[in-house]
Amino acid sequence: MHRFESSTPTPSQRAAADFPLFPDPHLAIRVHDLTFSFPHAPPALTHLSLKVTKGQRILLIGANGAGKSTLLQLLAGKRLTKAHIVVLGKDVFHQSSIGVTFLGTEWASNPVVRSDILVSAFLDSVGGWRHKARRDRLLDLLDVDLDWHMHAISDGERRRVQLCMGLMAPWDVLLLDEVTVDLDVLVRHHLLGFLKEESELRGATVLYATHIFDGLTTFPTHIAHLHLGSLTTTEPIPWPIAPSHPGLPASLRGTVGYGLWDLALAWLEEDRERRRGDEAAVVGREAHKRGARKEETTDSEVFYKKYDYSH
Ligand SMILES: Nc1ncnc2c1ncn2[C@@H]1O[C@H](COP(=O)(O)OP(=O)(O)OP(=O)(O)O)[C@@H](O)[C@H]1O
């Protein structure tokens, strides 16, 4: 057969199929074959592909270090890669997408947001006056006091201010990296209700990475499972997961009424077994394993045994 008649698509043909000239207007996010490494480190993301339809609320589940934050930061354009990442029709490497909001935990450690500034002044300085109606709704919902001073509030209160700031301008894609972790359950409940309403009324899309599953059962429309830098399915899995879905962990097959916690636990147990199997398969100098190491004396042990300052 002439090589141009081959039925096996080349990588560029595959990329063209995933990134056509006239992309599907219903897609909010498209990622094709993304591999990303931090300097001097093994890849944090490997051959990752993802298609998210507008209006989906996706829960991103994965172990510590699976790559959730890295993926969200790349989608937000906070880290750059030449791989194809299209959010709301724009390639994030070339253009910043309007309507994309990223909220992560590192914001709260910025000294600026811990300085002696009034919450009202702070919110106006980031454009609160432009979105008065939404800002006021969020102030009520998140129970924020405009007279608080940013240097003299609790971590959870500071998080509420961050959420008010981040959500007051209307967004079409919201990327949330574990930002509900220090909210009390009441505020978290109201926040999740607001996000659900935004996606149902405006077709806004939410991608939410968390390890906290309380009160989330009715929040996601879909689930994405990230293991060692790769998504197990390109298209997020509809939630609740159909019993016949191949992505369902073997230990949950036939189980009725399992929750997100059970699902995450089953996936993470499977992931850990798989990782340990991969580690055990490596022999020689490259072999590496987590956890306790038998019959091994480290340099630090030798040093601290000799110079024991702890007594
Ligand atoms: N600045 C960095 N330099 C080198 N490696 C990094 C850096 N940040 C993250 N990594 C590595 O990239 C991988 C993915 O990290 P990432 O923070 O995306 O994981 P995560 O799924 O968000 O984890 P967690 O649930 O703990 O927040 C990990 O192996 C981590 O060690």
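How do the residues of the shell around the ligand divide into nonpolar, polar and charged? The count is 4 nonpolar, 6 polar and 1 charged. Keep in mind that this is a predicted model.

Who are they? Phe-38, Ala-41 and Ala-44 surround the ligand, along with Gly-62. Then comes a run of neighbours: Asn-64, Gly-65, Ala-66, Gly-67, Lys-68, Ser-69 and Thr-70. Which element gives the largest share of that shell? Helix 2, residues 68-75, with 3 residues.

Now the annotation. UniProt, in an unreviewed entry, lists residues 29-253 as "domain: ABC transporter". Over that stretch the chain is 25% helix and 24% strand. Its end C-alpha atoms sit 30 Å apart.

Next, helix 7, residues 260-281. It has 22 residues. From first C-alpha to last, helix 7 reaches 31 Å. That is close to the 32 Å expected at 1.5 Å a residue.

Which residues of helix 7 are buried? Leu-260, Leu-263, Ala-264, Trp-267 and Asp-271. They lie on the same side of helix 7, because they cover an arc of only 90° around the axis. The general rule is worth recalling: an α-helix has 3.6 residues a turn, so residues three or four places apart point the same way.

What covers those buried residues of helix 7? Strand 3 (57-61) and strand 9 (222-227) are among the elements that do.

And the other side of helix 7? There, Glu-273, Gly-277 and Ala-280 are exposed. So much for helix 7.

Conventions
Residues are numbered from 1 along each chain as its sequence is written. This is a predicted model: local features need pLDDT of at least 70, side-chain atom pairs count only at pLDDT 80 or more; totals for chains, interfaces and linings use all residues. A residue is near a molecule or strand if its C-beta atom, placed from the backbone, lies within 6 Å of it. Helices (H or I, at least four residues) and strands (E, at least two) are DSSP runs, numbered from the N terminus. Ala, Val, Leu, Ile, Met, Phe, Trp, Tyr, Cys and Pro count as nonpolar, Asp, Glu, Lys and Arg as charged, and the others, Gly among them, as polar. UniProt positions are given in the numbering used here, feature names are shortened, and annotations may be inferred rather than shown by experiment. The expected span of a helix is 1.5 Å times one less than its number of residues. A residue is buried if 20 or more other C-beta atoms lie within 10 Å of its own, exposed if 12 or fewer, and partly exposed in between; C-beta atoms are placed from the backbone. The arc is that of the directions from the helix axis to the C-beta atoms. Two residues are in contact if their C-beta atoms, placed from the backbone, lie within 7 Å.
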